[in-house]
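Colleague: Please take a close look at one part of this structure for me, one lysine and the helix that carries it, and then work outwards from there. Keep it chatty, but keep the numbers in.

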Amino acid sequence: MAEWIDLLDPTEAELRAALSRDVHDRALEQLLRPARDDDEPRPRLEGHDHYIFGVFLVPICIRDEDRVFYQELDIVATQERLVTVRKAPETGHPFDPTPAQESARRDDDNRVGLMVYRLVDLIAEYFLDLVDVIDDEIDELEEGIAIWPSNQVSGRISVLRHDLLHVRRTVAPTRDAIRRIVDRRIDIGEGPEILPRDIELDFSDAYDKLLRAMDGLDLSRDLLASARDFHQAKIANDQNEVVKRLTVIASLLLVPTFIVGLYGQNFNHIPELGWGFGYWWSWGWIVLTTILQLAFFRWLGWIGGAPLGRPKLPPLRRLDPRELAGRRRRDARVG
């Protein structure tokens with residue numbers, strides 16, 4: 001009966017007691033190396049003479065802190081046992097394989113290969129959950145672009161873009177490692193196979209989830225790029241609105257200044273020197289031109305709301321899905 005040994009930050013003595021003597025020194029060095037708060041080491045799977053050695057990284061997104069940390073999980077699979085080595089990251093908690101262990105216990109088939117599959121499938125689920133969280137972050141960002149300060153939006157876009165790049169650097173080699181199992185390129189060199197063909201076919205489900213995660217990351221990247229373009233367009237539009245307001249203020253002051261400068265305003269009975277109503281004549285032109293300008297700017301929509309006289313667009317016509325079936329063929333026959 002195969003067994004699953006799970007170790008959290010083990011010592012060298014604990015590792016040597018759990019592992020077989022065939023594990024080479026380089027693998028032992030990797031197992032003893034402390035976790036790094038980055039997307040290193042690169043996930044991989046290696047087949048050796050008597051065991052399979054693997055390194056996985058599981059990214060976890062903490063929305064309250066706007067950060068992603070990585071949980072390292074190393075495995076050594078032999079014909080009799082699966083040894084998993086979990087490493088506590090510098091910030092965050094270690095990976096929890098309990099769901100995979102419980103699923104393996106409920107399964108009547110307790111081969112080591114199926115244990116590895118349960119573990120890899122759980123990791124693939126983590127990636128899908130992460131993509132969903134990132135999509136929620138981008139949706140929140142799109143809603144906040146209209147109301148958040150510009151520097152806050154730019155900072156959030158930069159953080160999300162950085163996280164997307166790092167997660168992609170993690171999920172891509174994980175997908176490639178599982179692809180090697182599906183393509184029958186990983187197993188031990190001596191003795192019965194740890195990953196026979198029926199188990200390799202099970203790994204195709206995990207591989208499909210990783211492909212969906214990659215597609216989701218690509219879609220998230222496109223959504224983030226659209227949000228960034230929308231933010232830049234909003235900045236340009238806000239600048240245009242400021243220029244419009246300054247233009248309104250400058251135009252309102254320009255015409256009265258011209259009238260005052262034309263007549264001077266320094267003589268008795270101005271503006272035509274002999275007019276007794278000249279002062280009020282000057283004020284009348286100032287008030288009239290100001291009102292005309294305000295009306296013109298309101299008609300353009302620069303002040304007071306939307307432009308006046310803009311034609312209203314007709315509502316979109318609702319189409320019955322039953323009318324769409326064969327529509328192209330009907331149009332081709334009519335043409």
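Modeller: Let me start with what a helix is here: a DSSP run of H or I with at least four residues, and the numbering goes from the N terminus. With that settled, Lys209 has its place in helix H6. Keep in mind that everything below comes from a predicted model.

Is Lys209 buried or exposed? At 14% relative accessibility, Lys209 counts as buried, since the cut-off for buried is under 20%. Which residues is Lys209 in contact with, once its neighbours within four places in sequence are left aside? They are Asp121, Ala124, Glu125 and Leu128. Take Ala124 from that list: Lys209 and Ala124 are 85 residues apart in sequence, yet 5.9 Å apart in space, C-alpha to C-alpha. Helix H4 covers 112-144, while H6 covers 197-263, which puts Ala124 within H4's range and Lys209 in H6.

Now for the aromatic rings. The count comes to four aromatic pairs. In one of them, the ring centres of Tyr117 and Phe203 are 5.7 Å apart and the planes stand at 75°, so the pair is edge-to-face. Tyr117 lies in helix H4 and Phe203 in helix H6, so this pair ties together parts that are 86 residues apart in sequence. As for accessibility, Tyr117 counts as buried at 10%, and Phe203 is buried too, with a relative accessible area of 0%.

For another arrangement, go to Phe296 and Trp299. Their ring centres are 6.4 Å apart and their planes are at 25°, so this pair is stacked. Phe296 and Trp299 both lie in helix H7, residues 278-300, and they sit three residues apart, about one turn of the helix. Phe296 counts as partly exposed at 46% relative accessibility, and Trp299 is likewise partly exposed at 48%. Together with Phe297, these two residues form one aromatic cluster.

Back to H6, this time by way of empty space. How many cavities of 30 Å³ or more does the count come to? The count is three. The second largest has a volume of about 50 Å³, and its lining is made up of Leu164, Leu165, Arg168, Leu217, Asp218 and Arg221. The elements giving two or more residues to that lining are H5 and helix H6. By class, the lining of the second largest cavity divides into three nonpolar, no polar and three charged residues.

H5 leads on to the largest cavity, with a volume of about 60 Å³. Here the lining residues are Cys61, Asp66, Arg67, Val68, Ile134, Glu137, Arg156, Val159, Leu160 and Asp163. H5, residues 150-182, supplies at least two of them, and so does each of H4 and S4. In fact H5 gives the largest share of this lining, four residues. The class split for the largest cavity is five nonpolar, no polar and five charged residues.

S4 deserves a stop as well, on account of another charged residue. Asp74 lies in this strand, which spans residues 67-77. With a relative accessible area of 0%, Asp74 is buried. What joins the side chains of Asp74 and Lys87? A polar contact of 3.2 Å does. Lys87 is also among the residues that Asp74 touches, if you don't count those up to four places away in sequence. The others on that list are Gln30, Leu31, Gly54, Val55, Phe56, Val83, Thr84 and Val85.

Last, the wider setting for your lysine. The protein chain has nine helices and five strands, and from the N terminus on its elements run β-α-α-β-β-β-β-α-α-α-α-α-α-α. Of the 335 residues in the chain, 39% are buried, and Lys209 counts as buried itself. Among contacts between residues at least 6 apart in sequence, 63% join residues at least 24 apart. Lys209 and Ala124, at 85 residues apart in sequence, make an example of a contact across such a separation.

Terms used:
Residues are numbered from 1 along each chain as its sequence is written. This is a predicted model: local features need pLDDT of at least 70, side-chain atom pairs count only at pLDDT 80 or more; totals for chains, interfaces and linings use all residues. Side-chain values use heavy atoms; hydrogens and water are left out. Buried means under 20% relative accessible area, exposed over 50%, partly exposed in between (1.4 Å probe, protein chains only). A polar contact is a pair of N or O atoms within 3.5 Å; within protein, one must be able to donate a hydrogen and the other to accept it, and residues adjacent in sequence count only if both atoms are side-chain atoms. Contact means heavy atoms within 4.5 Å. On a 1 Å grid over the protein atoms alone, a cavity is a set of points where a 1.4 Å probe fits but cannot get out, and a pocket is an open set with protein on both sides within 12 Å along at least five of seven lines; lining residues have an atom within 4 Å of a point. Grid points are joined across faces, edges and corners, and a volume is the space filled by probe spheres set on the points. Ala, Val, Leu, Ile, Met, Phe, Trp, Tyr, Cys and Pro count as nonpolar, Asp, Glu, Lys and Arg as charged, and the others, Gly among them, as polar. Rings of Phe, Tyr and Trp (its six-membered ring) pair if their centres lie within 6.5 Å; planes under 30 degrees apart count as stacked, over 60 as edge-to-face and the rest as tilted.
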